[in-house]
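Thanks, everyone. I'll take a few minutes on one model and how its parts meet. Here it is.

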Amino acid sequence: MTGLQEAMRAAIAQSEKVKGSTYPNPPVGAVILDADGQIAGVGATQPVGGAHAEIVALRRAGGRATGGTAVVTLEPCNHHGRTPPCVDALLAAGITNVAYAVADPNPEAAGGAEALAAAGLTVTGGLLADEAAGGPLREWLHRQHTGRPHLTWKFAASIDGRSAAADGTSQWITSPAARADVHRRRAAAEAIIVGTGTVFSDDPTLTARPADGTEVTRQPLRVVVGHREIPGDARVLNDDASTMVIRTHDPEEVLRALGDRTDVILEGGPTLAGAFLRAGLVDRILGYLAPMLLGGPVTVLDSVGVATIGDASRWRYDQVERVGPDLLVSLIPE
């Protein structure tokens with residue numbers, strides 16, 4: 001028999017697999033347990049216009065869903081959008097219990113838990129809510145609560161905070177494992193931001209290129225920020241992905257130009273990173289730290305407006321893990 005927590009972790013794993021492919025819908029995972037508590041079906045949100053996670057899992061469960069339990073990372077929707085309400089499908093399938101992690105903050109879709117309870121189902125909310133909210137749903141929930149994209153500043157550095165040696169060489173500070181992790185995150189993002197300085201110094205492609213050769217069917221939007229004209233043959237302008245050039249140094253204007261996008265990665269140099277941090281628009285920091293010392297003047301970050309230690313920009317560790325020989329540190333605002 002599968003416990004509810006075990007089933008919820010399986011649902012979170014399902015949602016992780018589709019992260020980046022469901023925009024503008026949230027990446028949701030679902031597991032259907034039969035009346036004996038055995039997994040009968042799993043599913044995740046399909047690309048926009050396709051089935052929601054609950055529908056996919058119910059189809060796979062078939063008749064075993066009758067009398068069973070639905071375990072979902074987000075409260076089942078109760079509205080007609082591009083697809084019918086998931087609440088109706090759960091009732092039609094004969095589900096008797098529903099457990100979800102996070103309540104839907106979208107007022108148009110909310111109310112599913114109440115509707116299910118009113119129909120006589122046993123409904124439990126908040127199951128492993130922190131794990132679900134801090135996982136694949138993190139960026140979508142941030143958009144719902146703030147009205148702007150979730151911005152992750154990503155950098156690679158030596159353990160002493162240098163992004164390049166004194167002569168400017170920087171390939172490669174981090175390991176192949178760390179770079180593969182970056183490409184995995186790029187593939188799940190909706191946009192990547194760099195400044196014109198990065199284009200001139202590194203001529204990046206800014207595409208997701210998995211190390212295993214897996215084809216990425218949807219590339220993130222490449223965003224170049226700054227007033228300087230970039231060369232027409234810059235790799236960021238090639239046909240591998242779409243590119244937006246924004247002639248501004250205003251971080252808020254950059255985010256407004258991204259429309260309703262949800263998951264955005266900032267990969268710019270120290271000047272651009274400093275600007276977004278000073279504007280209070282960085283929601284998470286991902287630092288890939290290599291076990292080497294470089295010293296010298298090339299640091300990962302310019303001024304963030306801190307003149308004295310009492311004014312330091314303070315963050316807390318969200319996650320710390322090994323990626324190959326490197327250390328990946330995730331921080332969120334304190």
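**Two domains and their contact**

Start with the layout. The domain assignment splits the chain into domain 1, residues 1-141, and domain 2, residues 149-333. Keep in mind that this is a predicted model.

How far apart are the centres of domain 1 and domain 2? Over C-alpha atoms, 33 Å. Domain 1 puts 8 residues into the contact, and domain 2 puts in 12.

Next, area. Interface size is often quoted as the accessible area lost when the parts come together. Between domain 1 and domain 2, about 900 Å² is buried. Carbon and sulfur atoms supply 45% of that.

Which residues of domain 1 lose the most area to domain 2? Tyr23, Arg138 and Glu139. Together they make up 65% of what the domain 1 side buries.

Now the polar side of things. We count 3 salt bridges between domain 1 and domain 2. One pair to look at is Lys19 and Asp263. They form a salt bridge, with the closest N and O atoms 2.7 Å apart. Polar contacts between the two domains come to 5 residue pairs, with both residues at pLDDT 80 or more.

Where does the domain 1 side come from? Helix H6, residues 138-146, gives the largest share of the side that touches domain 2, with 3 residues. By class, that side of domain 1 holds 4 charged residues, 3 nonpolar and 1 polar.

So much for the tour. To recap: about 900 Å² buried between domain 1 and domain 2, and 3 salt bridges between them. Over to you for questions.

Note on methods: Residues are numbered from 1 along each chain as its sequence is written. This is a predicted model: local features need pLDDT of at least 70, side-chain atom pairs count only at pLDDT 80 or more; totals for chains, interfaces and linings use all residues. Side-chain values use heavy atoms; hydrogens and water are left out. Domain bounds come from an automatic or database domain assignment. Contact means heavy atoms within 4.5 Å. Buried area is the accessible area (1.4 Å probe) that two parts lose on being put together, summed over both. A salt bridge is a side-chain nitrogen of Lys or Arg within 4 Å of a carboxyl oxygen of Asp or Glu. A polar contact is a pair of N or O atoms within 3.5 Å; within protein, one must be able to donate a hydrogen and the other to accept it, and residues adjacent in sequence count only if both atoms are side-chain atoms. Helices (H or I, at least four residues) and strands (E, at least two) are DSSP runs, numbered from the N terminus. Ala, Val, Leu, Ile, Met, Phe, Trp, Tyr, Cys and Pro count as nonpolar, Asp, Glu, Lys and Arg as charged, and the others, Gly among them, as polar.
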